[in-house]
Amino acid sequence: MRLIDTQRSGNAWKVRLLARLLGVTLERTTLSIDAGDLRKTEFLERNPLGQIPVLELDDGRRLYESMAILRYLAEGSEFWPSDSWCQAEVLTWLSFEQAQHMRPLAQLRLHLSLKHDRQSSDADMAALRPEALHALQQLEARLTAQERVGTSWVAADVPTIADVALYPYTRMAPMAQIELDVYPAVQTWLARIEALPGYAPLYPGRPDMNYATTEI
Ligand SMILES: N[C@@H](CCC(=O)N[C@@H](CS)C(=O)NCC(=O)O)C(=O)O
């Protein structure tokens, strides 16, 4: 299987992280958003939605959208529990990640730390900040509630694809100019994910570069 990604994408990081946690080897084609690779016909033929990550199966089929890719890769593992109630809980938190969490955090990171084309005081950035804070407060509340019932993870009593999906943009929140100090349960959870066997940082073998801005 081949993953089409970019080095800095949090959505692609989810897929590389899960693959490493599962011990699955993915070939990689790493593109550059800055160089316009995602607007080229060759890429748009692979994903008409024009976004990475894309997973290419050995038989030529392609999957896009990180949630769908995580679900596919996790089949048969604890990261996609077999119990239907647990599956529904995982879907709840995957949906939260896509609808409320990823967009404000990713947009703030993109403009304030990668493109440097906005100030935090600009109207669009200022509007995103409360959305991002609200999402982190929701995650903190969920993890605190889970701890009360003796569970360390977002959706189940084992790590699932919901934890994997929520990890990258939470970890990179400081690049969105949001500090994580006021979210103790979130910080403990991040450390727990980083202690899982197979944990993959954003840049291979370089956990010190999780906030790096270079495309290489
Ligand atoms: N909902 C999608 C979002 C994917 C996404 O936003 N990808 C970004 C990189 S992190 C991208 O391809 N951006 C380029 C663009 O939208 O032009 C997913 O979860 O996979």
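**Exercise 1.** Find which residues tryptophan 189 is in contact with, leaving aside its neighbours within four places in sequence.

*Solution.* Start with the rule: contact means heavy atoms within 4.5 Å. With that in hand, the partners of tryptophan 189 are Leu139, Leu143, Ser152, Trp153, Val154, Asp163, Leu166, Tyr167 and Thr170. A word on what you're looking at: this is a predicted model, where local features need pLDDT of at least 70 and side-chain atom pairs count only at pLDDT 80 or more, while totals for chains, interfaces and linings use all residues. Residues are numbered from 1 along each chain as its sequence is written, and side-chain values use heavy atoms, with hydrogens and water left out.

**Exercise 2.** Work out which residues have the most contacts inside the largest nonpolar core, and which helix gives the most to this core.

*Solution.* First, the terms. A nonpolar core is a set of buried Ala, Val, Leu, Ile, Met, Phe, Trp, Tyr and Cys residues joined through side-chain atoms within 4.5 Å. Buried means under 20% relative accessible area, exposed over 50%, and partly exposed in between (1.4 Å probe, protein chains only).

Next, the core itself: it has 62 residues, and Leu17, Val154, Ile161 and Trp189 have the most contacts inside it. Then the helices (DSSP runs of H or I, at least four residues; strands are runs of E, at least two; both numbered from the N terminus). Those giving two or more residues include H1 (10-22), H5 (123-148) and H7 (184-194). H4 gives the most, with 10 residues.

Finally, don't miss the second, separate core of seven residues, which includes Leu31, Leu38, Phe43 and Val54.

**Exercise 3.** Say how many aromatic pairs a search of the whole structure finds, then describe the pair of tryptophan 93 and phenylalanine 96.

*Solution.* Rings of Phe, Tyr and Trp (its six-membered ring) pair if their centres lie within 6.5 Å; planes under 30 degrees apart count as stacked, over 60 as edge-to-face and the rest as tilted. The search turns up three pairs.

Tryptophan 93 and phenylalanine 96 sit 5.1 Å centre to centre with 70 degrees between the planes, an edge-to-face pair. Because they're three residues apart in helix H4, about one helical turn separates them. Tryptophan 93 is buried at 11% relative accessibility, and phenylalanine 96 is buried too, at 8%.

Now try tyrosine 167 and tyrosine 199: their ring centres are 5.8 Å apart and their planes at 85 degrees, so this pair is edge-to-face. Tyrosine 167 is in helix H6 and tyrosine 199 in the segment after H7, 32 residues apart, so the pair links distant parts of the chain.
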